[in-house]
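Me: I would like to go through this model one question at a time. Please give the reasoning before each result.

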Amino acid sequence: MDFTDLGSAAVLPALLTAVIAYFCGCFNGAVIVSKYILRDDVRTHGSGNAGLTNFYRTFGGPLTLVVILTDVFKAIVAILVGMALFRHMIANEYLVVALAKYWAGLFCLLGHMFPCMFHFKGGKGILSGGTIAIMIDWRIALVVWGGFLILAVLTRYVSLGSCWAGASFPFVTWFVYQNVLITVLGAVIGCLILYMHRGNIKRLLTGTENKFSLHKKK
């Protein structure tokens with residue numbers, strides 16, 4: 001299918017999806033829980049990142065589950081909104097639905113990484129990105145999550161698994177859909193994840209990256 005055939009019918013759902021998905025992404029679980037419940041912004045601790053790993057290392061405890069559920073739920077909502085808007089405005093077609101998922105996923109991650117309500121300082125997008133992968137296609141989720149879990153468990157470097165997720169995303173996207181536009185969106189998502197992990201990549205190369213532990217730091 002050639003997406004140029006969609007014409008102006010795609011403009012409104014695309015804009016609405018982008019806006020709604022972005023603001024869904026802005027609801028960063030780690031920031032909300034640490035800043036407004038614990039009264040201690042997670043971004044002032046550890047790596048300074050507003051992500052699940054830094055939250056767990058800093059605070060631990062049952063509120064970690066709240067962070068997980070928040071970041072998972074917002075990704076699900078963003079994808080479902082995108083699918084609903086595109087299906088309502090455009091004929092339900094396999095690649096159009098896939099396009100809606102990638103488009104919504106991209107803006108959800110942008111909101112998570114650069115939330116306007118938190119001074120554009122958010123997380124690295126792995127938990128939400130992993131949820132988006134599951135929502136897109138089980139084959140993409142299998143490659144992304146499978147590599148992530150294997151590398152994270154064997155090396156205890158969560159960031160190494162995260163880099164696999166970002167690097168593999170565009171390739172498995174092409175394998176599944178073989179569509180240029182969707183693959184470009186997949187590449188943008190993957191590059192965003194790698195960009196947010198640029199500090200981790202540097203530490204991995206120099207051997208100074210922290211390994212994950214089930215025990216939070218004192």
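Me: Is C116 buried, partly exposed or exposed in this predicted model?
Reply: Buried requires under 20% relative accessible area, and exposed requires over 50%. The relative accessible area of C116 is 34%. That value falls between the two cut-offs, so C116 is partly exposed.

Me: Which cysteine has the sulfur closest to that of C116, and why is there no bond?
Reply: A disulfide needs two cysteine sulfur atoms within 2.5 Å. The distance from the C116 sulfur to the closest cysteine sulfur is 4.1 Å, which is too far for a bond. That closest sulfur belongs to C26.

Me: How many disulfides does the model have, and how far is the sulfur of C163 from the closest cysteine sulfur?
Reply: C163 is buried, with 11% relative accessibility. Its closest cysteine sulfur is in C191, too far for a bond. The disulfide count is 0, and the C163 sulfur distance is 12 Å.

Me: Which helix gives the most residues to the largest nonpolar core?
Reply: The largest nonpolar core has 36 residues, and Y102, I132, I136, I140, F169, Y177 and I189 have the most contacts inside it. At least two residues each come from α1 (11-26), α4 (63-89), α5 (94-113), α6 (126-136), α7 (138-155), α8 (158-177) and α9 (180-196). With 12 residues, the helix that gives the most is α5.

Me: Which residues does F169 touch, leaving out those up to four places away in sequence?
Reply: F169 is among the residues with the most contacts inside the largest core. I136, I140 and I189 are also in that group, and F169 touches these three. With sequence neighbours up to four places away left out, the full list is Y102, A133, I136, I140, V144, G186, I189 and G190.

Me: How many residues of α6 are buried?
Reply: α6 has 11 residues and is mostly covered. The buried ones are L127, S128, G129, G130, T131, I132, A133 and I136. The number buried is 8.

Me: What is the relative accessible area of F55, and which residues does F55 touch?
Reply: F55 lies in helix α3, residues 52-58. F55 is buried, at a relative accessible area of 0%. Leaving out residues up to four places away in sequence, the residues touched by F55 are A30, V33, S34, L38, V42, G60, L63, T64 and V67.

Me: How far apart are F55 and V66 in space?
Reply: In sequence, F55 and V66 are 11 residues apart. The spatial separation is taken from C-alpha to C-alpha. The distance is 11 Å.

Me: Which residues form the nonpolar patch on the surface, and what is their accessible area together?
Reply: One of the patch residues is V19, which lies in helix α1 and is partly exposed at 48% relative accessibility. The patch is formed by L12, L16, V19, I20, F23, F27 and M117. Their accessible area together is about 600 Å².

Me: What is the phi of R156, and what is the phi of F120?
Reply: Most residues other than glycine have a negative phi. R156 is in the loop between α7 and α8, is partly exposed at 43% relative accessible area, and has a positive phi although it is not a glycine. F120, in the loop between α5 and α6, also has a positive value. Phi is about 65° for R156 and near 60° for F120.

Note on methods. Residues are numbered from 1 along each chain as its sequence is written. This is a predicted model: local features need pLDDT of at least 70, side-chain atom pairs count only at pLDDT 80 or more; totals for chains, interfaces and linings use all residues. Side-chain values use heavy atoms; hydrogens and water are left out. A nonpolar core is a set of buried Ala, Val, Leu, Ile, Met, Phe, Trp, Tyr and Cys residues joined through side-chain atoms within 4.5 Å. Buried means under 20% relative accessible area, exposed over 50%, partly exposed in between (1.4 Å probe, protein chains only). Helices (H or I, at least four residues) and strands (E, at least two) are DSSP runs, numbered from the N terminus. Contact means heavy atoms within 4.5 Å. Patches are made of residues with over 30% relative accessible area and no salt bridge: like charges are joined within 9 Å, nonpolar side chains (Val, Leu, Ile, Met, Phe, Trp, Tyr) within 5 Å. Accessible areas come from the Shrake-Rupley method with a 1.4 Å probe; for residues, only the protein chains shown count as cover. A salt bridge is a side-chain nitrogen of Lys or Arg within 4 Å of a carboxyl oxygen of Asp or Glu.
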